[in-house]
Every structure is written in C-alpha cells, then in structure tokens.
Amino acid sequence: MVVLITENIEEGSRTAARLVGQAVNNNPALRLGLAAGNTPTGLYRNLVDLHRSERLDFSRVEIFSLDEFLGLATNSANSYHTFYHQHLLNHVNIDPTHLHLLNGQTDKDIASYCSYYEQLIRDNGGIDLQILGIGRNGHLGFNEPGSSLNSRTRISLLSASTRRGMARLFTQAHVPEWAVTMGLGTILEARVLLLLAFGKQKAAAVAKAVEGPLCASIPASSIQLHPTSILVLDHEAASSLRNQEYYRHEASQLEALLPDWLRGEKSSSVADSPSTGNCPF
Ligand code: F6R
C-alpha cells in the first residue's frame with residue numbers, strides 16, 4: 001500500500017489524474033473502473049484538462065463502474081450513469097461501445113445481471129485500474145459494513161448513514177434503498193486500486209482502513225489484502241494515521257514503487273502492458 005499525502009483536494013486530484021493519465025499513456029487500451037461521489041470529481045476534471053491540453057487519448061480505454069442505484073433509469077438526474085457522463089465521459093473521446101457501466105434498471109433478473117457483469121469484466125481481461133472513494137462508515141463501493149471480504153457483484157441494502165450522506169444529491173426524490181455494487185472480492189481483483197479520500201470527515205475511516213485490523217465491519221480495510229493499492233489523501237483525511245512519517249518517506253520514492261505501466265515515462269516494452277496479459281506484479 002502506498003499512501004500519498006497531499007496538501008489539499010486540488011493537489012490530490014492532480015496527483016490522481018497524473019497517475020491515471022500515465023496509465024492511459026502507457027496502456028491506451030486500459031480497462032478503467034470509475035467511482036462516483038464528490039471525491040473523484042476533481043480527478044475527472046483534471047483528466048478532461050489532460051485530454052484537452054495534452055491530448056490524453058481515451059479512444060481505446062474500456063470503462064467499468066463500481067456501483068449504481070437500483071431502480072434509477074440510466075438517464076435519471078441522480079444516476080451514477082449520468083454522473084459519469086457529466087463529469088468525464090461527455091468531455092473526452094470515449095468510444096461508446098467501450099462503456100460497460102452498471103445499469104440500475106436492468107430488465108434481467110438482478111442475480112443474473114450481476115453474474116453477467118462479473119463475466120463481462122472477465123471477458124474483457126479484468127480491470128487494470130479501479131478508482132475508489134471511501135464512506136465515512138468505511139464502505140467501499142456500496143459494500144456496507146458486514147460485507148464479506150469475498151463478496152462479488154450483487155445488490156446491497158444501503159445503510160442509514162450512507163443514505164443520509166447522499167440526501168443532498170436527491171433534492172427531488174428519496175435516496176434509493178438498494179444499489180448494485182461490485183463486491184469486495186471483485187474490487188480486489190483489479191490490478192491496481194486508486195483510493196481517494198479528502199477532508200477531516202474521512203480521517204477516522206481512512207485510519208481504520210489503512211492501519212486498523214482487516215475486518216468486514218470496515219469494508220475498506222480489504223485494500224490491505226491488495227498487492228498494489230495507492231491512496232491519495234489530503235492532509236486532513238490523513239490526519240489520524242499513525243505512520244505518516246513513513247508514508248511521506250515512501251512517497252518520495254513513488255516511481256520506484258509503481259508497476260512499470262503506471263510510471264511517468266513510457267514503458268519500454270509493450271509486453272509490460274497489463275492488457276497483453278503480462279502483468280508486472
Ligand atoms: C461511489 C461509491 C461510494 C463513494 C463513497 C464516498 O461510486 O462507491 O463508495 O466512493 O460513498 O462518497 P463521497 O466521495 O461523495 O464522499
């Protein structure tokens with residue numbers, strides 16, 4: 001686990017966008033998993049800027065999504081489908097046939113739909129880079145406290161605290177009670193996890209996830225099982241971490257800790273690219 005402690009949301013968002021941009025540059029057919037919510041909006045804004053100013057090319061990128069509200073039509077103002085389009089997809093050169101966003105209003109029965117989504121991820125060769133936020137209660141995706149560390153894509157009953165946190169987004173309607181989410185086991189199969197957290201209100205959850213015991217009651221602690229997780233925090237979200245000094249030291253050696261295909265310079269060999277099946281870790 002690499003923990004990058006940045007000054008503020010702006011620097012954190014730029015840092016995360018630089019990592020995603022490097023991954024796309026090194027591997028133009030990157031399979032990218034998106035997350036929604038307040039936290040990654042600055043990351044998406046910076047990716048749009050990189051697309052405009054440095055021609056960051058999304059034409060071969062394949063897009064997956066972490067979760068979605070059940071029962072919301074894709075074009076609903078509050079769906080994550082709409083969120084991804086407003087914040088990123090409408091502003092970069094994504095091929096619409098490369099969009100594999102979870103649908104909260106599938107006409108399949110939901111269990112078959114979830115198995116289909118798992119298969120879709122597998123058929124595409126797995127997710128290379130999964131963007132994540134964290135809930136104040138430690139949720140990851142919509143895996144609420146108590147979710148199995150081995151869980152797969154499935155429906156999830158949202159907790160009262162999660163629904164309260166989202167109420168501001170649903171001015172015209174109630175926050176749905178149910179969502180569909182990648183499971184923790186699904187998330188852990190992504191080759192790299194990029195978890196963002198900003199603000200004091202995330203400090204306790206971040207400390208439990210990073211330095212607390214691995215446990216289902218803090219679903220985000222499951223990232224401790226992942227070989228390559230990168231956390232981008234601002235100093236407020238990092239404020240309850242005990243090992244900050246070490247994280248800052250490690251961050252100074254970041255390039256050496258990243259897999260080849262995430263580094264700043266182009267990978268020397270195409271065979272290093274994860275989409276060729278030759279994963280560097
Ligand atoms: C969003 C998601 C959630 C959020 C989390 C934090 O796709 O899966 O786990 O990442 O609720 O939300 P914000 O960023 O709004 O604080």
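Which residues in H2 meet Phe83, Tyr84 and His87 in H3? In this predicted model, the residues on the H2 side are Thr41, Tyr44 and Val48. By class, this contact of H2 with H3 has four nonpolar residues, two polar ones and no charged ones. Helix H2 covers residues 41-54 and helix H3 residues 80-87, and they pack at an angle of about 40° with their axes 9 Å apart. An angle from 35 to 65 degrees falls in the oblique class, and H2 and H3 are therefore oblique to each other.

Now to the sheet. Seven strands form an open sheet with parallel pairing, in the order S1-S10-S9-S6-S2-S3-S5. At its edges lie strand S1 (2-6) and strand S5 (99-100), each of which pairs on one side only. In general, strands of a sheet pair through backbone hydrogen bonds, either parallel or antiparallel. Two of the pairings are set out here.

| Strand pair | Sense | Bridges | Partner residues |
|---|---|---|---|
| S6 (residues 129-132) and S9 (residues 192-197) | parallel | four | Ile131 and Leu194 |
| S2 (residues 31-34) and S3 (residues 62-65) | parallel | four | Leu34 and Ser65 |

Strand S3 deserves a second look. Which way do its side chains point? Glu62 and Phe64 point one way from S3, while Ile63 and Ser65 point the other way. In a regular strand, side chains alternate between the two faces of the sheet. Glu62, Ile63, Phe64 and Ser65 are all buried.

Helix H1 (residues 9-26) offers a handy check on geometry. With 18 residues at 1.5 Å a residue, H1 should span 26 Å, and its end C-alpha atoms are indeed 26 Å apart, so the two values agree. The buried residues of H1 include Gly12, Ala16, Leu19, Val20 and Val24. Ser13, Thr15, Gln22 and Asn26 are also among the buried residues of this helix.

Finally, let us visit a loop. Val175 is found between helix H5 (160-166) and strand S8 (178-181). Is Val175 buried or exposed? Val175 has a relative accessible area of 9%, below the 20% cut-off, so this residue is buried. Leaving aside neighbours within four places in sequence, Val175 is in contact with Arg163, Met166, Ala167 and Phe170. Ser148, by comparison, is 27 residues from Val175 in sequence and 24 Å from Val175 in space, C-alpha to C-alpha.

Technical notes:
Residues numbered from 1 in each chain as written. Predicted model: local features only at pLDDT ≥ 70, side-chain atom pairs only at ≥ 80, totals over all residues. Heavy atoms only, no water. Pairing = 2+ DSSP bridges. Helix = DSSP H or I, 4+ residues; strand = E, 2+ residues; numbered from the N terminus. Axes fitted to C-alpha atoms, helices over the stretch in contact; angles between N-to-C directions. Parallel < 35°, antiparallel > 145°, perpendicular 65-115°, else oblique. Contact = heavy atoms within 4.5 Å. Nonpolar A, V, L, I, M, F, W, Y, C, P; charged D, E, K, R; others polar. Expected span 1.5 Å × (residues − 1). Buried < 20%, exposed > 50% of the residue type's maximum accessible area, 1.4 Å probe, protein only.
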